[in-house]
Amino acid sequence: MRYCPRAPSSQWAPSKRQILVAYPPRVPLARTPTPLQLLERASDRWGCGKRIWIKRDDLTGSTLSGNKVRKLEFIAGHAREEGIDTLITCGGLQSNHARATANVCAQMGWHCELVLRGRAPEETGNTLMDRLFGAELTIVQPDRYSAGLDSLLQEAAGRQRALGRKPLVIPTGGSDPLGIWGYVAGAQELASDLAQAGVGSAGIVTATGSGGTQAGLTLGMGLFLPQAPVWGFAVCDDAQWFQDKVRADIEGAQLQWGDLRGPKPQIRTHDGYIGPGYGRAADDVHQRIAALAALEGVILDPVYTGKAFHGLCQEIPLGTFDDVTDIVFVHTGGIFGIFPHGEQLWRATDALMAAAD
Ligand SMILES: Cc1ncc(COP(=O)(O)O)c(C=O)c1O
């Protein structure tokens, strides 16, 4: 694996398009810039002549790693300005966003309440870490969660106010017009990485769960490297749902922040690799994760990045990326999600070893 030479971030000016964007207040929580790496062996095996790169946003931190921290930088910046002392958010029991929010609260000295969809607490992966960060867990049966998430969040806010706290409710995945700034900044960084690596343009691929990462990247690449198309590979819902959600987040941001106005962005979402459903994965995804880990030393997760990377590899020979010679896979993190899938991943390594014999 080859690391690209990087310039210090203060030397940002590689593109002929000098775009000045005034970012909203931000708490520097992420370890950025993250590396852009060329996956040489994965390109040889799955690229069909294209180069596959990986943007290591799984390295934005340790326990506060992945894509969520980029969004939370801006959400925490807003919260700090408003004198907020409690963050409330939601997600599945193994939500990476919930864990990242719990971590941010612990770092900022704030209280955290997580409204989590599930049947009982799990003592592994992200849920364990939520507890370690001191978050208050409100676990809600899946039916009730799906039927009334908004009122559950408002009830949580009411409870916190009654205790004298000043709460802020963050929507699922931190995906709203404020959170998507995280990936406008991420796109600026990626455009700089590509220029440093001498790559004129590339297709950008990300996993899509609540749409904010795709929205920020679509908007940001449109500003900083307009010839780079962005694809989201959905891990739940369908392409039309994300088409609407990503557009709403982008339009919301453009309305709120004049700096982000630009040409109408093209939204590309693929929903063919969701498999058996959110949080569950078929053997082919577990096997792709095991294969990439052994080939390049990079671990994907079975809920988000494993499915998106599997989709990317499957789509290359089908011609989806024929317009580009280079593809950047944005590794959005999720490492703690491998533990609840330990058995299936272990079996996948057995299958790999048996095939190598
Ligand atoms: C590891 C990981 N990758 C990708 C995503 C998808 O990001 P988004 O919710 O912004 O669509 C999430 C969260 O949902 C995630 O936790």
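Here are some friendly notes on the predicted model shown above, taken point by point.

1. **Domains.** Let me start with the overall layout. The chain is divided into two parts: domain 1, made of 2-64 + 176-356, and domain 2, covering 85-165. Their C-alpha centres lie 26 Å apart. Where the two meet, domain 1 contributes 10 residues to the contact and domain 2 contributes 12 residues.

2. **The four-stranded sheet.** One open sheet has four strands in the order β6-β5-β4-β7, and the pairing is parallel. Which strands stand at the edges? They are β6 (136-140) and β7 (167-169); each has a single partner strand, so one side of each is left without a neighbour in the sheet. From one strand to the next, the twist averages 20 degrees.

3. **How β4 meets β7.** Strand β4 (residues 86-92) and β7 run parallel and are joined by three bridges. If you would like a place to look, Thr86 stands opposite Pro167 in β7. As a reminder, strands of a sheet pair through backbone hydrogen bonds, either parallel or antiparallel.

4. **The bent helix α5.** This one deserves a look on screen. Helix α5 (residues 142-162) has 21 residues, yet its end C-alpha atoms are only 26 Å apart, whereas a straight helix would reach 30 Å at 1.5 Å a residue. Where is the kink in α5 centred? It is centred on Gly148, with an angle of about 90 degrees. Just after α5 comes Gly164, which takes a positive phi of about 90 degrees.

5. **What α5 packs against.** The buried residues of α5 are Leu153, Ala156 and Gln160. An α-helix has 3.6 residues a turn, so residues three or four places apart point the same way. That is worth keeping in mind when you view this trio. The cover over the buried residues of α5 includes β4, β5 (111-117), β6 and β7, and those four strands are the ones in the open sheet described above.

6. **Strand β8, covered on both faces.** Is β8 (residues 203-208) mostly covered or mostly exposed? It is mostly covered, with six of its six residues buried. In a regular strand the side chains alternate between the two faces of the sheet. Here Gly203, Val205 and Ala207 lie on one side, with Ile204, Thr206 and Thr208 on the other, and all are buried.

7. **Neighbours of β8.** Strand β8 is joined to β11 (residues 326-330) by three bridges, and these strands run parallel. Within that pairing, Ile204 has Val328 of β11 as its bridge partner. Five bridges join β8 to β9, also in parallel, and there Thr206 stands opposite Gly232.

8. **Helix α7.** For a contrast with α5, turn to α7 (residues 212-224). This helix has 13 residues and reaches 18 Å from its first C-alpha to its last, close to the 18 Å expected at 1.5 Å a residue. α7 is mostly covered, and 13 of its 13 residues are buried.

9. **The loop between β1 and β2.** Two prolines here are worth checking. Pro33 lies in the loop between β1 (2-3) and β2 (36-38), and the peptide bond leading to it from Thr32 is cis, with omega near 0 degrees. Pro28 is placed in the loop between β1 and β2 as well. Pro28 counts as exposed because it has 9 C-beta neighbours inside 10 Å, and the limit for that class is 12 or fewer. The C-alpha atoms of Pro28 and Asp259 are separated by 21 Å, and the two residues are 231 residues apart along the chain.

10. **Positive phi outside glycine.** Most residues other than glycine have a negative phi, and most peptide bonds are trans. Two residues to inspect with that in mind are Cys48 and Asp237. Cys48 has a positive phi near 50 degrees and lies in the loop between α1 (40-46) and β3 (51-55). It is partly exposed, with 13 other C-beta atoms within 10 Å. Asp237 likewise has a positive phi near 50 degrees, and its place is in the loop between β9 (230-234) and α8 (239-256). Asp237 is partly exposed too, with 18 other C-beta atoms within 10 Å; a residue counts as buried at 20 or more.

Key: Residues numbered from 1 in each chain as written. Predicted model: local features only at pLDDT ≥ 70, side-chain atom pairs only at ≥ 80, totals over all residues. Pairing = 2+ DSSP bridges. Axes fitted to C-alpha atoms, helices over the stretch in contact; angles between N-to-C directions. Expected span 1.5 Å × (residues − 1). Bend = angle between axes of the 7 residues up to and from the residue. Contact = placed C-beta atoms within 7 Å. Domains from an automatic or database assignment.
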